[in-house]
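User: I would like to go through some of the labels used for this structure and see what each one rests on. Please show it first.

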Amino acid sequence: MYSPGKIIYFDPFFFKNGGSKPKFFLVLKIINDDVILASLPSSIPHLSSAQNITHGCLEIPETCINCYIFQANVPITKNGWSFQKNTFLHGQWLDDFAISDLSSRYSIENVEYEIIGELTDHELSKVISCFANSSSVKRKYKRLLSTK
């Protein structure tokens, strides 16, 4: 279930701070077979309203902005799936999750979670490159993303 590029929809997703809501989850990397480095995509841009929204990596070092943008209705998975709204992966919000915690909390497919699809190899490569080369992503995550 957890492999790089996999998009999963949790309903609800339980955040580390105690909150919960329905949420997409993008697996970026598996670390030592027991931890996932992931991004929680958002339809909220957290960018200047003057910022042009184009598909791909957005890096603005002087304002510590790094995000990867999936434009609405642009197929990004191997099965042709796309987000219905412009969707943003913010580099400064990457996080790691223990696979054992996720597996114990979300055990019933199509009830507690749904596997949406897997990013195309090209799209996943662009997302990882965007974060691995960012000045605003945590160094430990940049190192993890840069190793095979």
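**Helix α2 and its glutamate**

Analyst: E123 lies in helix α2, residues 121-132; helices are DSSP runs of H or I, at least four residues, and strands are runs of E, at least two, numbered from the N terminus. The model is predicted: local features need pLDDT of at least 70 and side-chain atom pairs pLDDT 80 or more, while totals for chains, interfaces and linings use all residues. Residues are numbered from 1 along each chain as its sequence is written, and side-chain values use heavy atoms, without hydrogens and water.

User: How do you know that the span of α2 agrees with what is expected?

Analyst: The expected span is 1.5 Å times one less than the number of residues. For the twelve residues of α2 this gives 16 Å, and the end C-alpha atoms are 16 Å apart, so the two agree.

User: Why is E123 said to have no salt bridge?

Analyst: A salt bridge needs a side-chain nitrogen of Lys or Arg within 4 Å of a carboxyl oxygen of Asp or Glu. The nearest side chain of opposite charge, K126, is 4.2 Å from E123, so the criterion is not met. E123 is nevertheless buried, meaning under 20% relative accessible area with a 1.4 Å probe, protein chains only.

User: What makes the pair E123 and H55 a polar contact?

Analyst: Their side chains are joined at 2.9 Å; the limit is 3.5 Å between N or O atoms, one able to donate a hydrogen and the other to accept it.

User: Which residues of α2 are buried?

Analyst: They are E123, L124, V127, I128, C130, F131 and A132.

Conventions:
Buried means under 20% relative accessible area, exposed over 50%, partly exposed in between (1.4 Å probe, protein chains only). Lys and Arg count as positive and Asp and Glu as negative; His and the chain ends are not counted.
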